[in-house]
Amino acid sequence: DFQSHLQRCQQLSVTVLTDHQDLNNTGLRTILNSTAPQQYRLRAKLRTFKPQKLHQSIKLHCSKCNSLKEVPNGDDLNLILQESAATAPNPELHNTSWYDSVMWTTQDQKQRKIAIHFVKHDEMLQEPEDTLLMIEGGTLKEVWKLSRRFKCVIPVRSTEDDLKLLDLSAPFLLQGNVKYYGCKQCSTPKTIKSLSTLAAEQRPSWEPTEIAQVLGIVPLQYVFIMKFTLVDGTGALNAYLFDY
């Protein structure tokens with residue numbers, strides 16, 4: 001795998017960067033003392049790489065403000081969902097013209113109230129693989145189960161007059177195994193009622209970019225970032241890998 005490949009590279013005496021085969025090798029000291037942009041070919045040893053664990057290389061990037069953030073772990077998401085579940089679903093927001101609602105109380109000790117709102121199209125419910133639904137009061141495990149069965153799942157909470165997204169530390173949308181996040185700094189979240197415009201379309205596709213747009217969300221993109229330190233006896237150069 002990639003991790004063991006990097007470790008093997010580190011054990012070798014040199015690493016050869018093979019771009020620009022027509023150029024002679026240039027020492028790192030010369031490269032560091034040159035003004036950018038230039039093209040060089042170098043022969044160097046890989047001294048260190050960061051992060052040490054591959055999963056830590058995945059970050060969330062905002063193309064608008066250029067910020068980076070860590071991908072929240074399961075414990076963080078569970079905590080956010082637990083906090084949102086402290087507010088019971090508001091029955092006055094159930095069964096509107098564009099979604100049908102189901103509510104029940106869990107049989108465990110906490111007796112949580114969970115509400116699921118199934119978005120309709122042409123006043124009809126769609127097949128599960130085409131359905132967008134919203135959930136209030138669910139745990140991460142419950143949300144994951146729903147995201148594997150239905151096309152889109154949006155965690156929400158009740159207010160006095162509308163459903164709203166959770167704090168943007170949580171995903172604004174789940175599709176299969178993918179969690180979609182929004183930039184806290186650049187987003188201006190709208191109420192869930194904004195989704196009704198997509199539901200009214202002839203064939204709602206429920207694409208994450210369209211959902212983000214109508215909800216006022218600037219989506220974050222998953223990026224892969226690593227830092228390599230190269231040495232050749234004349235100097236040390238930090239090389240950064242950044243890719244979507």
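The radius of gyration used here is taken over C-alpha atoms, and the yardstick for a globule is 2.2 Å times the number of residues to the power 0.38. For a compact globule of 244 residues, that rule lands near 18 Å, yet the chain in this predicted model comes out at 24 Å. The box tells its own part of the story: along the principal axes, the C-alpha atoms fill roughly 70 × 40 × 30 Å.

As for what the chain is built from, there are 6 helices and 14 strands. Of its 244 residues, 43% count as buried. Among contacts with a separation of 6 or more, 55% link residues 24 or more positions apart. The accessible surface adds up to about 14,500 Å², with carbon and sulfur atoms contributing 49% of that. On the charge side, the chain carries 28 positive and 26 negative charges, and the mean positions of the two sets sit 10 Å apart.

Helix H4 makes a handy case to look at in detail. Spanning residues 140-149, H4 has Leu140, Val143, Trp144, Leu146 and Ser147 as its buried residues. These five lie on the same side of H4, because the arc they cover around the axis is only 165 degrees. In general, an α-helix has 3.6 residues a turn, so residues three or four places apart point the same way. Quite a few elements help to cover the buried residues of H4, including helix H3 (74-85) and the strands S6 (113-121), S8 (132-136) and S9 (152-158). Strands S11 (173-175) and S12 (178-180) are also part of that cover.

Flip to the face of H4 turned away from the buried side, and the exposed residues there are Lys141, Lys145, Arg148 and Arg149. Take Arg148, one of the residues of helix H4. Its relative accessible area is 57%, and the cut-off for exposed is over 50%, so Arg148 counts as exposed. Between Arg148 and Asp76, 72 residues apart in sequence, the C-alpha to C-alpha distance is 21 Å.

Tyr240 offers a second exposed example, this one from a strand: Tyr240 belongs to S14, which runs over residues 236-243. With a relative accessibility of 59%, Tyr240 counts as exposed. Exposed or not, Tyr240 does have partners: leaving aside residues up to four places away in sequence, Tyr240 touches Met226 and Lys227. Gln175 is another matter, as its C-alpha atom is separated from that of Tyr240 by 31 Å, with their positions 65 residues apart along the chain.

Definitions and conventions:
Residues numbered from 1 in each chain as written. Predicted model: local features only at pLDDT ≥ 70, side-chain atom pairs only at ≥ 80, totals over all residues. Heavy atoms only, no water. Helix = DSSP H or I, 4+ residues; strand = E, 2+ residues; numbered from the N terminus. Buried < 20%, exposed > 50% of the residue type's maximum accessible area, 1.4 Å probe, protein only. Contact = heavy atoms within 4.5 Å. Areas by Shrake-Rupley, 256 points an atom, 1.4 Å probe, with all protein chains shown as cover. Lys, Arg positive; Asp, Glu negative; His and termini not counted. Charge placed at Lys NZ, Arg CZ, Asp CG, Glu CD. Arc of directions from axis to C-beta.
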